[in-house]
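Student: I would like a close look at one part of this model, and then to see how the rest of the chain fits around it. Could you take me through it?

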Amino acid sequence: MNFNRQPTLENDLLILQPLTAEDFDQLFKVASDPLIWEQHPAKERSTKAGFEPFFKEALESKGAFIVIDKKSGEVIGSTRYYPVKESANAIEIGWTFLARRYWGGDYNKSMKKLMMDYAFRFVDNVLFYIHETNYRSQKAVENIGGTRIAQLENIPLSTRSAATVIYRIPKS
């Protein structure tokens, strides 16, 4: 699969740019809000000590983005693409967080559509791995058409301790 997991993507609301080490301070400013992590098992990400390993992992993933409000130019969050080990015909979108003032509106939906439209040029399935108690994220994925699954193409999918629920949105 010739899938560049860090293109620059943009639409009328957002710009998604490849995450760089220089983005740490601006992104931590957003991530330092404890309510962002309220339903996530890694609540310590609102602290600098907790956010640093998350950020380092994001850089090393070679699939992470910084999310920018196109109108204001302000950094409002982050998201990632990540390979699905059980299938070359799927990509994961995850590790997403947005500043609270961007919750419940068009921004998350717009970001996911932008990422899915790009991903569907290369794969037929987009997956979202979510912690079982992160109801806010589950609801957001359901609102964009996600269906809960346990396998893909008759292959059981592995979960992670921090992501035990899997949703799928097919290309069709």
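Student: Where in the chain is the place of Trp-95?

Tutor: Happy to. Trp-95 has its place in strand E5, which covers residues 90-98. Before going further, keep in mind that this is a predicted model, in which local features need pLDDT of at least 70 and side-chain atom pairs count only at pLDDT 80 or more, while totals for chains, interfaces and linings use all residues. Residues are numbered from 1 along each chain as its sequence is written, and side-chain values use heavy atoms, with hydrogens and water left out.

The backbone of Trp-95 deserves your attention: its phi is positive, about 55 degrees, although the residue is not a glycine. Most residues other than glycine have a negative phi. Asn-154 is another non-glycine residue with a positive phi, here about 65 degrees. While Trp-95 belongs to a strand, Asn-154 sits in the loop between strand E8 (151-152) and strand E9 (155-156). Asn-154 has a relative accessible area of 67% and therefore counts as exposed (exposed means over 50% with a 1.4 Å probe and protein chains only, buried under 20%, partly exposed in between).

Now for the setting of that strand. The protein chain has 4 helices and 10 strands, which are DSSP runs numbered from the N terminus (helices, H or I, of at least four residues; strands, E, of at least two). In sequence order, they make the pattern β-β-α-α-β-β-β-α-β-α-β-β-β-β. The C-alpha trace spans about 40 × 30 × 30 Å along its principal axes, and 51% of the 172 residues count as buried. Of the contacts between residues at least 6 apart in sequence, 64% join residues at least 24 apart, where contact means heavy atoms within 4.5 Å.

From strand E5 we can move to the H1-H2 loop by way of Ile-36. This residue lies in the loop between helix H1 (24-31) and H2, and counts as buried because its relative accessible area is 9%. Its C-alpha atom is 7.6 Å from that of Leu-98, although the two are 62 residues apart along the chain. Beyond residues up to four places away in sequence, Ile-36 touches Val-30, Ala-31, Phe-97, Leu-98, Ala-99, Arg-100, Trp-103 and Arg-136. Pro-34 lies in the H1-H2 loop too, but with 52% relative accessibility it counts as exposed. Pro-34 and Ser-46 are 12 residues apart in sequence, and their C-alpha atoms are 5.1 Å apart in space.

Helix H2 (residues 48-61) comes next, and Phe-51 is found in it. At 0% relative accessibility, Phe-51 counts as buried. Leaving aside neighbours within four places in sequence, its contacts are Phe-24, Leu-27, Phe-28, Ala-31, Glu-44, Arg-45 and Phe-97. Leu-35 is 16 residues from Phe-51 along the chain, with 14 Å between their C-alpha atoms. Phe-55 also lies in helix H2, and at 6% relative accessibility it counts as buried. With the same sequence neighbours left aside, Phe-55 is in contact with Leu-19, Thr-20, Ala-21, Asp-23, Phe-24 and Leu-27. Tyr-129 is 74 residues away from Phe-55 along the chain, and the two C-alpha atoms are separated by 18 Å.

This brings us to the nonpolar cores, each a set of buried Ala, Val, Leu, Ile, Met, Phe, Trp, Tyr and Cys residues joined through side-chain atoms within 4.5 Å. The largest has 49 residues, and those touching the most other members are Leu-16, Phe-51, Tyr-81, Phe-97 and Phe-128. Helix H3 (residues 106-119) gives the most to this core, with 7 residues. Apart from its neighbours within four places in sequence, Phe-128 is in contact with Ile-93, Lys-112, Met-116, Val-141, Ile-144, Val-165, Ile-166, Tyr-167 and Ile-169. A second, separate core has 9 residues, including Val-84, Ala-90, Tyr-129 and Leu-152.

So, back to your starting point: Trp-95, with its positive phi of about 55 degrees, belongs to strand E5, residues 90-98.
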